[in-house]
Structure formats: structure tokens, C-alpha cells
Amino acid sequence: MRKTNFQSHKISQRSREVFPVLASFYESKSQRKRELLDFLSEGVALIVNGRFAFRNKVWKDVCRNQKCLKARDLINGFFDEIRQKDKVENGGVEFYRDLKSDEAISTHGLFYVQKYLVDSIVDEVFMVLMIDVSDCYQYVREQNQKMNSLEDIVVSIDPGFRIREINKKGMELFGYDYQKVLGQKCHEALFGLSAQCDDCGIEKARVSGKTENVRKYIERLGGWFSINVTPVKDENGEVVEYFEYGHSINHLENAGPCLKDVQEEYLRANDELHERNKKYSELNDELHRNHTLSEAILEATDNGILVTGYEDDLLKFNRRFLELWDTSQEVFEEMNEEERISFFVCQLKAPDAFLEGVKYLKKNPAETRTDLLYFKDGRIYERFSKTIYWHNEPLGRVWSFRDITRSKLAKIRLKESELRYVEMFENMSSGVAVYKPIGNGADFRFVAFNKTAEKITGINRDNIIGKRFQSVFPKMAGGALLLALKRVSRTGKPVQLNPYFFKFKSHQGWRKNYIYSLPTGEVVSIFDDVTKAIEGENNLKKQNERYQHLNEKLNLLNKELLNAKKIAQESDRLKTAFLANMSHEIRTPMNGILGFSEMLASKKHTPEKVEFYSKVIVDSGHQLLHILDDVLDISKIEAGAIKLRVINVVVNDLLNDLFTFYNPVTTDKDVSLHVSKPLNDEDSSIEADPKRLRQVLTNLLSNALKFTLSGQVNFGYEMDGGFMRFFVNDTGIGIDKENLQKIFERFWQEESGFSRSYGGTGLGLSISQKLVEIMGGRLEVESAKGKGTVFSFSLPVAQKSIDQEVLKPAVPVNTSANPGPDLTILVAEDEEINFLYMEAVLAEDNVRILHAMNGEKAVELFESNQVDLVLMDIKMPVMDGYEALAKIKELNASVPVIAVTAYALAEEREKGLKMGFDDYLAKPLKSEVIHGMIKKIRALRV
């Protein structure tokens with residue numbers, strides 16, 4: 001059959017829309033793009049190295065019985081030009097094929113092939129677009145029959161002036177072979193001209209956009225012809241071809257009407273075809289849009305959707321369905337109906353009920369059902385099922401699954417919470433009434449009334465629930481309770497009512513109310529009967545008035561005696577206050593010791609409580625011991641019995657101990673503690689009594705932390721000529737100027753009486769001042785109320801001789817009973833507190849300790865000393881632990897190096913061991929672990 005040109009002007013445009021999706025699918029193998037290609041109304045295929053790599057559903061449906069329509073046939077058999085790569089790559093090749101199925105039904109396909117350029121030199125990939133043009137073909141075939149029945153010349157010409165089609169009469173007149181004339185320039189084939197003629201009808205029609213008529217003498221036919229040229233346009237107004245109708249004008253009266261009728265009929269047919277194609281394109285776009293929307297909605301919903309046919313076939317499911325049933329698309333699609341049922345049933349608590357429900361719905365397609373599925377693992381799904389109809393026939397069934405586990409459990413918990421609320425409400429020791437505002441808060445309706453409220457008021461709640469407040473208590477319309485209810489309802493702020501007198505029938509007495517609002521707008525009143533308390537308070541008040549009257553008389557009688565003793569009383573006032581304060585200060589820790597000791601004796605406590613009680617007892621004991629020490633010290637000072645034990649003291653070590661002791665105190669307060677040590681350890685030694693120096697600094701630090709609620713406390717020293725000036729300053733409450741000298745008086749405190757905010761005996765500063773004076777200094781103070789306080793004192797610094805021993809309190813001193821250290825341990829640690837702990841633990845093992853503040857110092861100490869063990873922190877300044885480890889192992893690989901670090905994760909330990917550490921220990925480090933390492937090293941040396 002002759003090659004036709006219907007729809008050929010559209011297929012290349014459609015290929016530009018479809019081929020990018022097909023190419024993207026070839027590259028990614030995306031399931032979504034596969035579904036989109038299956039949705040197309042055209043057939044599409046991928047041919048890789050002469051074989052089909054993909055065919056969509058339309059292709060398979062149209063070509064399902066075409067055994068001859070193989071990939072290699074498309075490439076090699078039907079169009080030789082497809083092998084011309086430059087042509088395929090630069091626009092593609094179009095060809096037509098008549099497809100006959102086994103049912104003897106003809107299908108006519110228009111194919112468009114384009115080569116897909118890939119980087120690989122091995123794969124040759126072609127993309128093919130096929131349009132089913134059977135309907136158009138039938139119409140065009142009828143028109144061709146009409147054209148061939150005409151006695152006039154009819155020619156179809158493309159915009160490039162090449163002949164696309166010519167009817168039978170034209171071929172007979174010109175004596176052309178059909179295949180040879182196709183594709184020739186019209187002026188060459190029809191008029192024998194090498195170039196376009198001057199009076200060209202096609203050019204006129206192109207310019208005017210409408211049918212043009214020219215008269216031509218066709219020498220080959222030996223006569224004059226009238227030629228009508230009609231442009232044919234697509235939906236965008238672009239000319240896609242020209243139709244030429246030529247008839248002899250020698251007998252114009254006979255041929256003219258016939259040619260005109262043919263022309264009009266062909267134009268009308270072309271317009272119908274154009275309109276049909278336009279509607280087809282719009283329908284296809286709408287169908288594509290609806291499919292895209294339905295797919296988006298299906299995937300966007302939080303419900304799991306499954307669609308099954310009535311032949312037990314699987315039609316559709318979404319991603320959420322796979323998530324809810326914890327399976328994959330591949331696994332679920334490979335299941336048959338029996339396997340799918342088994343897959344569902346094995347997860348449910350009631351499989352038999354599930355199977356019965358499925359059978360019932362199959363027998364009753366019109367039934368719509370919603371039920372719950374309870375899983376063995378505790379999940380709860382809501383299932384909804386409804387039949388899909390097509391032309392009033394059941395097509396399949398939609399199953400929708402929604403996970404309602406949380407909401408279901410939430411309802412259960414809400415119910416339990418409501419029951420607990422009711423139980424608590426009914427058994428409260430206070431009366432509770434709940435009101436609902438009505439009339440914009442003008443009155444209130446009783447909503448709830450508990451048993452205690454009935455008892456206090458003598459009112460049965462069944463008689464007032466639902467009634468208005470003012471109808472139940474008309475005499476309280478202007479009372480304090482109703483006014484308070486209105487205020488709380490209006491502002492939302494709670495109100496505490498002072499006790500008021502309540503009288504209702506046989507019940508009367510004093511009531512105390514607390515009123516607040518609920519988020520629902522309801523108002524709650526909690527009230528208690530305080531009649532006995534009010535009466536007792538009144539009786540006590542009367543008794544106090546009698547006592548006051550007696551006291552006034554007694555005061556008048558004793559006035560002269562008090563005046564005589566004024567001087568003595570003023571002298572003893574502070575001592576009296578001290579005794580009262582001491583009684584309080586001693587009894588407070590004693591109460592903790594005795595009370596919690598009795599608690600421990602009951603032996604009915606958990607280990608955590610036993611540990612807590614024991615800690616309270618120990619802390620109370622230390623507090624009591626501190627008080628006794630103050631009393632003994634002040635007695636010694638008064639008796640002049642204080643004797644100093646003056647030795648060389650390393651001040652840095654002393655300050656480190658104080659910082660370690662007091663720093664944890666700041667964790668529960670908004671206070672930071674800082675220590676200043678401008679000298680190194682060797683240069684920071686002075687001659688002093690370490691016990692008394694520590695006592696003074698401890699008193700000053702305790703006061704600073706006690707009276708500083710927020711801010712910071714700083715302590716330390718600075719050099720001033722031959723003196724070392726110690727200081728403790730804070731940002732606390734400060735001291736009034738008139739009291740700066742009084743604070744050093746014994747028993748004096750800025751606050752006194754039972755309303756004191758801060759505890760203490762009032763002896764600390766007095767003792768500290770005397771101790772500083774005994775050590776050769778003077779305690780000074782600077783302060784301003786609300787701005788903080790600074791205490792300072794200076795002590796002389798004696799020059800050390802070369803052989804003089806320096807006392808370091810944190811390191812035990814070797815004695816004859818304790819032999820010298822036999823091991824040298826290098827501790828690389830930049831945190832001072834961590835090193836002090838390590839130093840204290842290692843001191844129990846009688847070893848020599850070398851301390852390095854960074855990795856570089858650790859390497860230097862290792863190189864200059866005979867080291868038996870290295871305890872290495874990883875995170876350090878200058879040089880970290882890993883770099884220091886590498887350098888130490890280069891110097892002596894046999895010495896064990898153990899990581900002691902806060903990096904406690906398993907991967908960090910694995911990394912440390914791979915880097916060369918002999919062991920990896922995570923902080924906090926227990927002392928028994930360190931002692932165990934020392935024992936192992938000593939055992940190896942023996």
C-alpha cells in the first residue's frame with residue numbers, strides 16, 4: 001500500500017515529549033517512570049543491541065500477535081535508512097506498518113525511531129514511538145479512493161515543495177511510477193523546470209494563507225490547466241502541506257463543477273480530521289492529567305490502599321500499604337491469592353474472623369464494611385472495604401487500611417485517666433464544686449459536687465447539680481464567693497479567699513476557698529471547714545491579750561531593775577545571742593544525725609535511701625565538728641594557747657585542694673568559682689602553718705559562697721614585694737559600711753533572731769582575724785551593700801634554702817616504714833582536678849609520679865626519665881595523646897602506655913587500640929583499676 005502522511009506532522013512533536021521520559025527510564029529504571037510509560041496512549045519501546053529492552057502496555061496490546069514485528073525487523077527489515085546514524089541521531093526516521101492480528105483485524109501503525117546517544121561504545125540504543133492510526137487510515141483510504149476516482153490531477157506537496165501524494169489520474173497523465181515521483185520537487189516533476197516557477201501557486205498560498213488559483217501550460221500534457229493550491233494547517237496555525245487540484249481548461253464548462261466539488265469535499269474531510277485529532281489530543285491530555293492526579297492522591301494518603309479484582313487478581317496498591325504490612329513491592333507482587341491471604345492471616349489475633357469476613361464480602365459485593373484488625377504485636381488497623389463498579393458491574397474491591405494504634409491506646413488511657421480523676425475527685429479531703437459560667441459570667445451553674453462538699457455544706461448534690469448558684473444561695477448574690485467566681489471567670493487568674501462565715505439551713509461555720517479556672521472555661525472552688533481553727537485562733541488571741549496585759553505590768557515593775565543592769569545586759573547580749581544561735585546550730589546537725597540514724601535502724605529502706613541517709617549523717621557530723629572546732633579555737637585564742645607549726649607550704653597545692661572541695665558546691669547555684677595562681681608550684685611555697693592558713697581561707701570561702709546567690713567567687717594570691725597577699729572576693733549581698741568593723745566581733749551577725757536567712761555561729765571571721773594576726777598579718781575587708789565583698793591578708797615569704805624540704809599536702813611523705821618508690825609513672829593530664837585525683841590514688845601505691853600538662857611535655861619527661869608506666873589522656877593542648885603515643889613508642893616500645901580518657905564509645909576504644917595503646921580505660925576511673933595495674937607491673941618485674 002502507498003505510504004500515507006496522515007498524523008506524520010504530529011508524531012515528531014509527540015516524540016519530543018515522550019522520548020525524554022523513555023530515556024530517563026532507560027538510565028534510572030524508575031518504577032514510577034515505568035508506570036507513567038504504561039499509562040501513555042501511544043506504544044513506546046527501547047531496543048538495545050537489536051533486542052527489546054522495554055515495551056509498554058499499549059505496544060504489547062497492539063503487537064501481541066506480531067511474531068514478525070521483532071526488534072531486529074524494526075532495525076534491519078523495514079527501514080534501511082534507520083542504519084544511517086547521522087539521520088537517526090539528528091531527528092529520527094518515520095515509517096508506516098500494516099499489522100495484521102490472528103483475528104484478521106488490521107491495525108495500522110505509524111512508527112518514529114530515534115537513536116539514543118550513550119557514552120558506551122558497546123550499546124546501541126533506539127527509542128521507538130508507535131501511534132495506532134487505524135481510524136485515520138480508514139478515513140484516508142476512503143479519501144484516496146475518491147481521489148483516484150477523479151478525472152483531475154490531485155497532488156499533496158509538503159512545505160519543502162516535495163511531492164507527498166499523487167492520485168491515479170495524475171500518474172497516468174504524467175506517466176510516472178508512483179515510488180519515483182514521491183519526494184521530487186513539484187516544479188521538476190510537473191512542469192519540467194529546474195527552479196521554482198515565477199507564477200507559483202504554492203508561494204501565493206503560503207503568503208496569503210488561503211486557496212490560490214493559477215493557470216499553467218503543462219508542456220508535457222500539451223494543454224492549459226487551472227490549478228487550485230490550498231494550504232492545510234495544524235492546530236497551531238502552521239502549514240503542514242499543500243493540495244494542488246489541476247484540471248484542463250480546454251473544456252472548462254464540463255470539468256469545472258466536478259473539480260470544485262472534489263476540492264470542497266477534500267477540504268471538509270481534512271477539517272474533520274484536524275478537529276478529530278485535536279479532540280483526541282485534548283482527551284489524551286485530560287486522561288494523562290487525571291491519571292497523574294489519581295496517582296499523586298494515592299501516594300499522598302496516609303492510608304494503605306489495596307485494589308483487588310473479583311478474579312482474585314492484584315490490580316493496585318500504594319507505598320503506604322507496603323509500609324503498614326512491612327513488605328516490599330517485589331515480594332507482594334509475586335504472591336498468589338492464597339499466599340496473600342496467608343500473609344495477612346499470620347499477623348492477626350483473630351484469623352478465622354478475618355477469613356469469614358473476606359468470604360462474606362466476596363459473596364456480597366454491594367456490602368461496604370468498616371472493622372478493626374487486631375495484630376499479634378499490638379497494632380490496631382481500621383479496615384474499610386468497598387466495591388468498584390464499571391458499567392454497573394462489580395470490577396473489584398478497594399481495601400483501605402489505617403493505623404489507629406496510637407489513637408486507640410490514647411482513648412483507653414483517656415478513659416483510665418477519667419476514672420482516676422473521678423476517684424480522686426470523690427475522695428478528696430476538701431470540698432470541691434465545679435461551676436459553668438452562664439450569661440457571660442453573670443451567674444454560674446453547678447456542674448459537679450463531691451462527697452466532702454456535701455458533708456461540709458449539708459447539701460445533697462442531686463438537689464443542686466444543673467441549678468444556678470444564685471437560685472441555690474439567693475442570700476449570697478452580692479457575697480465574696482460569687483464576686484470571686486466572676487473575677488476568676490473574667491481574668492483566668494486564681495483567687496485565694498479569706499475565711500468567711502457560711503450558713504445554710506442547719507449547717508454553718510467558717511469556710512476557706514481557693515478558686516481557679518479550667519481550660520474549658522469552667523470554674524473550680526476548693527473549700528475547707530476552718531471553723532475549729534478560727535475559734536482556736538480567737539481563743540488564743542484572747543489569751544495572748546491577757547498575757548500581754550500581765551507582761552505590761554511586769555515590765556513596769558522591772559523597769560528600774562532593767563535600767564540598773566543595762567550595762568551588764570549590753571555586754572552579755574552578744575553572748576546570749578550566741579548561746580541561742582549555738583543551740584540552733586548544734587541541734588540542727590544533731591537532729592540530722594539522730595533522725596536519720598533512727599531511720600537506718602528500722603532496716604526498711606532501699607539501698608539508695610540507705611546511701612542518702614548515711615550521707616546526711618556524715619555531712620551533719622562534719623557540720624557539728626566544725627562548730628566544735630570554732631568553739632575550741634576561740635577558747636584557745638582567749639587563753640593565748642594557739643601555737644603555730646611553721647613549715648614550708650606549697651600554696652598552689654593548698655589552693656588546688658580548696659578548689660576541688662568547694663567547686664561542687666557551685667553546681668546547685670548560679671555561681672562560678674575561680675582560683676588565681678600566678679606562680680609555679682616550686683616558687684609558690686611560703687613559711688606558714690598549713691592548718692591555720694587553710695582554716696582562714698576555708699572560713700572566707702565558706703562565707704563568700706554562702707552569701708553569693710549568683711555571680712562569681714574568686715580566690716588566690718598575688719605577690720607584693722616580700723609578702724604574699726591572699727584574697728577572697730565575691731559578688732554577693734555585701735555588708736553595710738557601719739557594720740564593717742562589727743563583723744569581726746565575737747558572736748556578732750548582721751542578721752539575728754528567728755528570721756535569719758543564713759546560718760552560722762558568728763565566730764568564723766573573729767577566729768580568722770586572730771589567726772591572721774598570730775601568723776603576722778592583718779585581715780582587711782572592703783564591701784558595699786548589694787555589690788559584693790573582698791577579704792585580704794598578707795603573709796611574709798621566707799627564702800628557701802637548697803636543702804630545705806617543701807611540704808606538699810596532697811602527696812604522702814615517705815617514712816622509714818614506707819620504703820622509697822620502686823616504680824615511676826608518667827601521668828599526661830591537662831585537667832588539674834583529674835590529675836589531683838590520679839595523684840591521690842597513686843600515692844597509696846608508693847610510686848614516683850611525673851606530671852605532664854600536654855603531650856609534648858610528656859614526651860620530654862619520658863625521654864629524660866626511666867618510666868615504668870604511662871597514663872595518657874587523649875585530648876590535650878600543644879600535642880594530643882595519639883601523637884605523643886607515637887613518639888613514646890619510637891623511644892621505647894616495651895613501656896606500656898594506657899589511654900585514660902573521657903572518650904568512652906566503643907569505636908573510640910577500638911581506634912585507640914589500633915593506634916598502639918596497650919589498654920584503653922574510660923573516665924571516671926576507679927581506684928581499684930589503677931591499683932591492679934601497679935600490682936601487675938610489679939609482678940612482671942619480680
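In which strand does Val790 lie? Keep that question in mind while the whole chain is on the screen, since the tour begins with the overall picture and comes to this residue directly afterwards.

**The whole chain**

Display the full protein chain, remembering throughout that this is a predicted model. The chain has 942 residues, of which 40% count as buried, and its secondary structure comprises 30 helices and 32 strands. Among the contacts with a separation of 6 or more, 55% are accounted for by residues 24 or more positions apart. If you turn on a surface, the chain exposes about 54600 Å², and carbon and sulfur atoms supply 52% of that area.

**Val790 and its surroundings**

Now select residues 788-796, which form strand 27, and pick out Val790, which lies in this strand. Val790 has a relative accessibility of 27% and therefore counts as partly exposed, given that the partly exposed class lies between 20% and 50%. Leaving aside residues up to four places away in sequence, Val790 touches Val728, Asn729, Glu780, Val781 and Glu782, so these five make a useful next selection to show as sticks. For one of them, Glu780, a distance can be checked in the viewer: Val790 and Glu780 are 10 residues apart in sequence, and their C-alpha atoms are 8.2 Å apart in space.

**Helix 14 and helix 15**

Move next to residues 337-345, which are helix 14, and residues 351-363, which are helix 15; the axes of the two come within 10 Å and cross at roughly 135°. Helix 14 and helix 15 are therefore oblique to each other, and the crossing is right-handed. To see where they meet, select Glu337, Ile341, Phe344 and Val345 on helix 14, together with Pro351, Phe354, Leu355 and Lys362 on helix 15, which make the contact. Coloured by class, the residues of this contact divide into six nonpolar, no polar and two charged.

**Helix 27 and helix 28**

For the last stop, select residues 855-864 for helix 27 and residues 881-891 for helix 28, whose axes come within 9 Å and cross at roughly 15°. Helix 27 and helix 28 are therefore roughly parallel to each other, and their crossing is right-handed. The contact is made on helix 27 by Gly855, Val859, Phe862 and Glu863, and on helix 28 by Ala884, Lys887, Ile888 and Leu891. Sorted by class, this contact of helix 27 with helix 28 has five nonpolar residues, one polar residue and two charged residues.

Key: Residues are numbered from 1 along each chain as its sequence is written. This is a predicted model: local features need pLDDT of at least 70, side-chain atom pairs count only at pLDDT 80 or more; totals for chains, interfaces and linings use all residues. Side-chain values use heavy atoms; hydrogens and water are left out. Axes are lines fitted to C-alpha atoms, for helices over the stretch in contact, and angles run from 0 to 180 degrees between N-to-C directions. Helices (H or I, at least four residues) and strands (E, at least two) are DSSP runs, numbered from the N terminus. Angles under 35 degrees count as roughly parallel, over 145 as roughly antiparallel, 65 to 115 as roughly perpendicular and the rest as oblique. A crossing is left-handed if the near helix is turned anticlockwise from the far one by less than a right angle, and right-handed if clockwise. Contact means heavy atoms within 4.5 Å. Ala, Val, Leu, Ile, Met, Phe, Trp, Tyr, Cys and Pro count as nonpolar, Asp, Glu, Lys and Arg as charged, and the others, Gly among them, as polar. Buried means under 20% relative accessible area, exposed over 50%, partly exposed in between (1.4 Å probe, protein chains only). Accessible areas come from the Shrake-Rupley method with a 1.4 Å probe; for residues, only the protein chains shown count as cover.
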